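Here is a short note on the structure you asked me to read, written as numbered points. Please go through it with the structure open beside you.

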Amino acid sequence: MKRIVLISLALCACLTARAQKSEIVKTGYNFGPCPAVAFDADKGFQYGALLNIYNYGDGSAYPNYNSKTYIEASFFTKGSQLFQLQYDNKSLIPGVRWSSAMSTNIDKAMDFYGFNGYESWVNQDRLAIGKANKKGPQDAAQYLYTPYYRANRVQFLAKTDFIGDITSKFKWEAGYHFFWFKEGAIDRDNINKGKPAYNVYPDSEPTLFENYRRWGLISDDEADGGIVSSIRLGLLYDSRDKEGAPTRGIWAEGHLSAAPKWLGTKNPFARYSLTLRQYFPVVSNDILTFAYRLNYEGTIGDNAPYYVLPYITVMGENCDKDGMGGYRTVRGILRDRVMGLDMATYTAELRWRFTSFKMGNQNIALGLSGFSDGTMVTKGRDMSFKGNAEASASYREYMSRQPKQKDVPHITVGAGFRFIMNENFIIAFEYGTPTTHFLPKTNPLYNQDGTGAFYINTGFLF
């Protein structure tokens, strides 16, 4: 499904401002408020606001900041809600960066496309028929099918991370992360709210999440979610010239996350994460930069609850990136389309800053980018049938349609535009589309990753 996030900013005046070579060195506190409006066919309209507060101190570290606070509150007309508070401080503890965050995400229409990427079939034909019926004949048998790939999730996160110096560029990382998940099937009354009768998702049609329960692909122990209480340790190498919009250097991390039962975790597990990011100045003075990111998320052993799998591990100022698919992970494919015990991901991006200027005592730049993202499951979850006999026929029918016995790369291409203020407050307009969208319709992978998505959001991916 396409997601459109609209952030209201008065950018038009920026296009007429006079270009300048020198930058204003920012000091003290700078505020970046931003109203947000969004629409999703199953969540309804989103309305809310976000606020970035940067403290540059005496300006000696500019364009890097001394501390940053991020606040967001978003609401959806069909009941979903998102609240976030993040704090990042580089100067409070000498030699140590301290980052903490809390967030609550009430998602009444979370995407759920199954496990192991292309081992799970997405019925794009049935989705298209349901969407076409919104404008076509009022045939109750051709109801809107999108809720089949939705589930209900409530998530609470609280974390605190510390990053300390070993050398000026080589650092240690340590943190505690607490998650609480409440998972379940969609609330049909809420999903069907406001829809005409011929598009109401019926009680007689189980969702994919409900079928995974019936088939035993999601066990009773993990089905409803639970507490994840984990300790994280890591090593970091960071030689970037600046954090918000880097143009040269390396940013590499390795993490180990342990969530044992004695720490309160309901379904214990251990995972690891390896990430390499690198930035090359193709044309100096921040004009043209090539950047890439390689990431591997792995599970130690063969057990991890399904609700912890769709994340890219993050330590520091940001929270874990949810949904392998979407703006923060792999742009252009369906959110949570790729979910497995081990996943490999890449991003390659060419960033062109075509103009820079001053306006209203702010440093402004405009840029364009072209990118390709990709991901795949390298170790999947067990998809063998473990349900009751009466559910075996539907399981066999579902598995017979899978495009691949093992996953292969899900690749997207796209382009974007960015408004950059003071090297840290960045608004991104981007569109990505999966390469499967260009395959012949007879190819079993045709549109298995969706048809593309447009995003307006904040920051760079990395």
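The points below deal with salt bridges, a buried aspartate, a helix pair and a buried asparagine, all in a predicted model.

1. Salt bridges around Glu-243. The structure holds 32 salt bridges, and one of them brings together the side chains of Glu-243 and Lys-90, with a distance of 3.3 Å from N to O. Glu-243 lies in the loop between strand 9 (225-238) and strand 10 (249-259), whereas Lys-90 belongs to strand 5 (residues 81-93), so the salt bridge ties together parts that are 153 residues apart in sequence. Is each partner buried or partly exposed? Glu-243 is buried, its relative accessible area being 18%, while Lys-90, at 23%, is partly exposed, because the limit for buried is under 20%.

2. A second partner for Glu-243. The side chain of Arg-97 also meets that of Glu-243 in a salt bridge, here at 2.8 Å from N to O. This pair again links distant parts of the chain, since Arg-97 sits in strand 6 (residues 96-111) and Glu-243 in the loop between strand 9 and strand 10, 146 residues apart. Arg-97 counts as buried, with a relative accessibility of 15%.

3. Glu-423 and Arg-353. These two residues form a salt bridge in which the closest N and O atoms are 2.9 Å apart. Glu-423 is found in the loop between strand 17 (410-421) and strand 18 (425-434), and Arg-353 in strand 15 (residues 342-359), so that distant parts of the chain, 70 residues apart, are linked. Both partners are buried, Glu-423 at 5% relative accessibility and Arg-353 at 11%.

4. A shared network. Which residues are joined into one network by salt bridges that share partners? They are Lys-68, Asp-88, Lys-90, Arg-97, Glu-243 and Glu-317.

5. Asp-449. This residue is placed in the loop between strand 18 and strand 19 (453-458), and it counts as buried, with 0% relative accessibility. Its side chain is joined to that of Tyr-118 by a polar contact of 2.5 Å. When residues up to four places away in sequence are not counted, Asp-449 touches Tyr-118, Gly-332, Ile-333, Leu-334, Arg-337, His-410, Pro-434 and Thr-436.

6. Helix 3 against helix 5. Helix 3 (residues 208-215) packs with helix 5 (residues 392-400) at an angle of about 120°, the axes lying 10 Å apart, and the two are therefore oblique to each other. The crossing of helix 3 past helix 5 is left-handed. Leu-208, Tyr-212, Arg-214 and Trp-215 make the contact from helix 3, and Ser-394, Tyr-395 and Tyr-398 make it from helix 5.

7. Asn-295. The place of this residue is in strand 12 (residues 288-299), where Asn-295 counts as buried at 5% relative accessibility. Its C-alpha atom is separated by 5.6 Å from that of Leu-274, although the two residues are 21 residues apart along the chain. A polar atom of the Asn-295 side chain also lies 3.5 Å from the backbone oxygen of Leu-274, and a polar contact of 2.8 Å joins the side chains of Asn-295 and Thr-275. Leaving aside neighbours within four places in sequence, the residues in contact with Asn-295 are Ser-273, Leu-274, Thr-275, Ile-312, Met-343, Ala-344 and Thr-345.

Definitions and conventions: Residues numbered from 1 in each chain as written. Predicted model: local features only at pLDDT ≥ 70, side-chain atom pairs only at ≥ 80, totals over all residues. Heavy atoms only, no water. Salt bridge = Lys/Arg side-chain N within 4 Å of Asp/Glu carboxyl O. Helix = DSSP H or I, 4+ residues; strand = E, 2+ residues; numbered from the N terminus. Buried < 20%, exposed > 50% of the residue type's maximum accessible area, 1.4 Å probe, protein only. Polar contact = N/O pair within 3.5 Å; in protein donor to acceptor, adjacent residues only side chain to side chain. Contact = heavy atoms within 4.5 Å. Axes fitted to C-alpha atoms, helices over the stretch in contact; angles between N-to-C directions. Parallel < 35°, antiparallel > 145°, perpendicular 65-115°, else oblique. Left-handed = near helix turned anticlockwise from the far one by under 90°.
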